[in-house]
Amino acid sequence: MAEDVLFAVQQDTVDMDTKPIEETEKYLIFRSNAVLFGVHSDVVKEIINEAKITLIPVLPEHISGVVNLRGLMVPIIDFRRLLSQPPEDNRCIIVLEYEGVQLGILVDDVDKMIDVNEKNILPVPYQSGPAAGNLVTGMYSLPENGGTLMMLDIAFLYHEQ
């Protein structure tokens, strides 16, 4: 019987020493004008390196036009112009799908997919201005001095255009 109690005490000690598994979510990192942004992987449909964007007249300046994606016309937002930055060459399109609607964002480049502990996402400082507060939901410090990731507010992006 004493062995049973000793085994139970040792088992409790082992359980207390193990760290709880942190729940993470996957985010795709992309760059626009040297700023890192993250978008939740659930809304990322695909990444297109080359596509012919058809210009549509009388659209806001930040909308570059549309691409034909397997018969579906997908509007393309130029992320640099959305941020009031000059356009760049050699860019790619991230196709997003939110609430059943597809939308492409033209970005400088796509970096990688990472796991983010959402408990570590910090609020955006008020000093960043109202535009930054609307476009991003928070900030996340990347490990190993990788910089700060701005977490894209996908709902705002869809409702802004």
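**View 1. Strands β6 and β7 run antiparallel, paired over seven bridges.** Here β6 covers residues 92-98 and β7 covers residues 101-107. Strands and helices are DSSP runs numbered from the N terminus (strands: E, at least two residues; helices: H or I, at least four), and two strands pair if DSSP finds at least two bridges between them. Look for Tyr98, whose bridge partner in β7 is Val101. The hairpin of β6 and β7 has two residues between the strands, and Glu99 takes a positive phi near 50 degrees there.

A quick word on the model: it is predicted, so local features need pLDDT of at least 70 and side-chain atom pairs count only at pLDDT 80 or more, while totals for chains, interfaces and linings use all residues. Residues are numbered from 1 along each chain as its sequence is written, and side-chain values use heavy atoms, with hydrogens and water left out.

**View 2. Strand β7 is largely enclosed by the rest of the structure.** That's because six of its seven residues are buried, meaning under 20% relative accessible area (over 50% is exposed, in between is partly exposed; 1.4 Å probe, protein chains only). Besides β6, strand β7 pairs with β5 (residues 72-78), this time in the parallel sense and over three bridges. In that pairing, Ile76 stands opposite Gly104 of β7.

**View 3. Five strands make an open sheet in the order β8-β1-β2-β10-β9.** The pairing in this sheet is mixed. β8 (109-116) and β9 (136-141) stand at the edges with a single partner strand each, so one side of each has no neighbour in the sheet. From one strand to the next, the twist averages 35 degrees (axes are lines fitted to C-alpha atoms, for helices over the stretch in contact; angles run from 0 to 180 degrees between N-to-C directions). Within the sheet, β1 (residues 25-32) and β2 (residues 35-40) pair antiparallel over six bridges, and Arg31 has Leu36 in β2 as its bridge partner.

**View 4. Asp153 sits in the loop between β10 (148-152) and α4 (154-160).** Asp153 counts as partly exposed, at 21% relative accessibility. Leaving aside neighbours within four places in sequence, Asp153 is in contact (heavy atoms within 4.5 Å) with Asn134, Leu135, Val136 and Thr137. Asp153 and Thr137 are 16 residues apart in sequence, yet 5.3 Å apart in space, C-alpha to C-alpha.

**View 5. Residues 4-14 have pLDDT below 50.** pLDDT is the predictor's confidence in each residue, from 0 to 100. The chain has a mean of 83, with 81% of its residues at 70 or more. Beyond near neighbours in sequence, the 4-14 stretch has zero contacts in the model.
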